[in-house]
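Student: I'm new to this structure, and I'd love a close look at one part of it: the aromatic rings. Could you take me through them and then show me where to look next?

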Amino acid sequence: MQHWRGKSPLLTLRNLPENPYICNMSKTFETPEHILTEEKIRQRMLEDYRLACISREASLLGRKEVLTGKAKFGIFGDGKELAQIAMAKQFKNGDWRSGYYRDQTFMMAIGELTVKQYFAALYAHTEVDKEPTSGGRQMGGHYATRFLNDDGSFKDVANLKNSSSDISPTAGQMPRLLGLAQASKMFRQLPGLASFTQFSNKGNEVAFGTIGDSSTSEGLFWESMNAAAVLGVPMCMSVWDNGWGISVPKKYQTVKESISTALSGFEKTTTSNNGIKIFKVKGWNYPELLMTYEKAVAYTRENHIPTLVHVEELTQPQGHSTSGSHERYKDKSLLEWYEEYDCLVQFKKFIVLDGAASEKELEEIREEAKKQVRNEQKEAWAEFREDIQHDVEACVAQMQNMVNEASHVSELSALLDEIKKNSEPIRKDIFSVSKRALRATRGLNFPARTALNLWLKAMEKKCNIRYSSTLYSESQWSVSNITEVAPEFGENSEMVDGRIILRDFWDIKLEELPEVLIYGEDVGKIGGVNQTCEGLQEKYGSLRVSDSGIREATIIGQGIGMAMRGLRPVAEIQYLDYIFYALQIMRDDLASIQYRTRGGQKAPLIISTRGHRLEGIWHSGSPMASIINSVRGMVVCVPRNMMQAAGMYNTLLKSDEPAIVVECLNGYRSKERKPSNLGEYTIPMGVPEVVKEGKDLTIVSYGSTFNLCVAAAEQLSEAGIDVELVDARTLLPFDNEGICAKSVEKTNRLLIVDEDVPSGTTAYLLDQIINKQGGFKYLDSEPVTLSAKAHLPAYGTDGDYFSKPSVEDIFDAAYAIMSESNPNQFPEIY
């Protein structure tokens, strides 16, 4: 048994900050020279104990609330209280967290989570003022601060304690953490960002990461740690190690059963090499935790070198979650050790041995904490039920009117009793009863039925706001609010390679906007594999136009974190085929940020990549259906040439939405007219362009394939077929104005062409045009889709020709539609 004598914090630490949650204060004593009295230190130790007890009681009661059915699922932070309190003491205004779903104590310690809010999240309260993390959209344990104002603008985040929004996929928070840390490096080293005081205090912020030990097995953890060491960014990474990953012990998780040992090759050993500083500490040792975090964070903050704090010997008193009992796979001796080395038990012994308080005083604090948690839980539940009860009472009133006016419909009384007898109905029950009542009275027409129907429709609108709003930006900077500025061409507009348009565009934007940063594989020194950034690193420096390692997931993560901090990163993924390394981060993190925080956070990252036709299986992909069905919440641009791409980038830089732009691989050396207002014109999102008008057939396409449709249209014209060509331009959003359906209304025929797999993006476009836009009303012929083969494209020119739609394929598909309509005028060819 560890003895505590000689470990008094009175002898080791003199600058313990106050606890905002306990003291109802946000200001902390951050001046190292501030010497506290012994009594003040004692009080703050007891504040820490009180907070640890409050957090523990919240975990214990939270589990009960799940098991009694009030909440759906629970995952709690019990056992990690002391380590998180110690970490929180070093967390200053302007700092950022990218963490793990067991960080409740930390969030309480920095004053950004109350017990009532904790339970509001557990119950899924949909009001943001009650549950500010997500408005009930994320299950408990997933934390965030709201760093946007109601109008979508950034708050003064340099003077706030900030937490980026958690996600459940293990290690998924790591790539974003890298970007949050890298932003501090940019703010410290780029003179052009000196005026961005709303976002940074000269780059002195630290990004705090947390993760469970078993999740360090994920590749995202290793990729992020490697990148952090290479880049040299101020990141303090904490690993909570209780020895288990649900039921799997760490001997099956980590080499040498120690993540700090496994990472020892990363350790910075001299002043001349890069790397990370590694610290190890026991999770139940209060003074050691305080000293370790003080030392680690100070080192990172001053030197911009990442640190790893490996917190070992943590306990998890209630097991992994409410989904099962850890007694099934942990033996009796381990559970007994849990009881002895529970951090609250050890902290209590330490305080008593130190003479700071008696056991009785500490028991009183624990009892007070239990009462406080119970009271705040009751308040949270009452507020949650009150919010729903208003809707329940309105439903009952509507149903009572139905019964009064249609008493001969026997089902109505039973439905009214059903909702009245339900002691704790939720909105699902309200909708179920109301819709069954309307079904039971179908064909009847009386005032109460009309009123119920209208009320239900109004409720649907409210619930759409509660559960489905803010997938995309709803601010003044939404892409839909960006004013369109047409490209201008003069008589002497020069014809240049497409890459020159992009190169000159980025030159303009880097000069104009100091917050713009471009980075990716080979982007820096050589200016990109297609020379779209040629000479820009030499002109603007290696921080603003930079090379990165071959690590697509953290390339995207860097952009997410930097965009959250007010910068405008442009992250290049060298080829579209390799987007799948990053697609999980795009789907689970980037695309859902505004949605899962209900408008409380944003990250307007622009992803630049290139795809479509070129050579070989992994350099000519066009997997757009995989992308658009994964990244709802992002803008997806598919320009047909670089003039269009430049206008799209300009629109996106004026907006606050994340996006991906897929440039045409075969367009960089194609000649285009260079607009005279390059850097000024914008391309609207969700507005297709009718590039060629026609009367016989509408062809909708995008990207490289659209250019083949242009060539096919010329050949079709020679055959007497007048084609209308519509370039989709963006797939998310797609055709907000119904331009495609209007074209079909004129031509009465539709062909959709792309180079995705069959029933991929063409199926999406067909659904949008035929169903959503109502284009089916105008069709005289069956709509046709033409896509690539189901396999990845074969190598070589012939491989491309026989794998993807060719000009001949497009001609034949269009001709067949016209032949079916008028076989005499268009007889079969083959």
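Tutor: Happy to! Let's begin with a term: a charge sits over a ring if NZ of Lys or CZ of Arg is within 6 Å of the ring centre and within 35 degrees of the ring normal. Lys 277 and Tyr 299 show this, with the charged end of Lys 277 over the ring of Tyr 299 and 5.5 Å from its centre. Lys 70 does likewise with Trp 381, where its charged end sits 4.8 Å from the centre of the ring.

Before going on, note that this is a predicted model, where local features need pLDDT of at least 70 and side-chain atom pairs pLDDT 80 or more, while totals for chains, interfaces and linings use all residues. Residues are numbered from 1 along each chain as its sequence is written, and side-chain values use heavy atoms, leaving out hydrogens and water.

Rings also meet other rings, and 29 aromatic pairs turn up across the whole structure (centres within 6.5 Å; stacked if the planes are under 30 degrees apart, edge-to-face if over 60, tilted otherwise). In one of them, the ring centres of Phe 811 and Tyr 815 are 5.9 Å apart and the planes meet at 10°, so this pair is stacked. Both residues belong to helix α28 (residues 807-821), and because they are 4 residues apart there, about one helical turn separates them (a helix is a DSSP run of H or I, at least four residues). Phe 811 is buried, at 13% relative accessible area, and Tyr 815 is buried as well, at 10% (buried means under 20%, with a 1.4 Å probe and protein chains only).

Elsewhere, ring pairs join up into a cluster made of Trp 96, Phe 147, Phe 154, Phe 196 and Phe 199.

Where next? Try the largest nonpolar core, which has 91 residues (buried Ala, Val, Leu, Ile, Met, Phe, Trp, Tyr and Cys joined through side-chain atoms within 4.5 Å). Here Phe 119 and Tyr 293, along with Val 311 and Ile 351, touch the most other members. Helix α13 (residues 359-405) supplies the largest share of this core, 14 residues. Setting aside neighbours within four places in sequence, Ile 351 is in contact (heavy atoms within 4.5 Å) with Met 45, Leu 46, Tyr 49, Ala 356, Ala 357 and Leu 362. There is also a second, separate core of 85 residues, and among its members are Val 233, Ala 582, Val 662 and Leu 731.

Key
Phe/Tyr/Trp six-rings, centres within 6.5 Å; stacked < 30°, edge-to-face > 60°. Helix = DSSP H or I, 4+ residues; strand = E, 2+ residues; numbered from the N terminus. Buried < 20%, exposed > 50% of the residue type's maximum accessible area, 1.4 Å probe, protein only.
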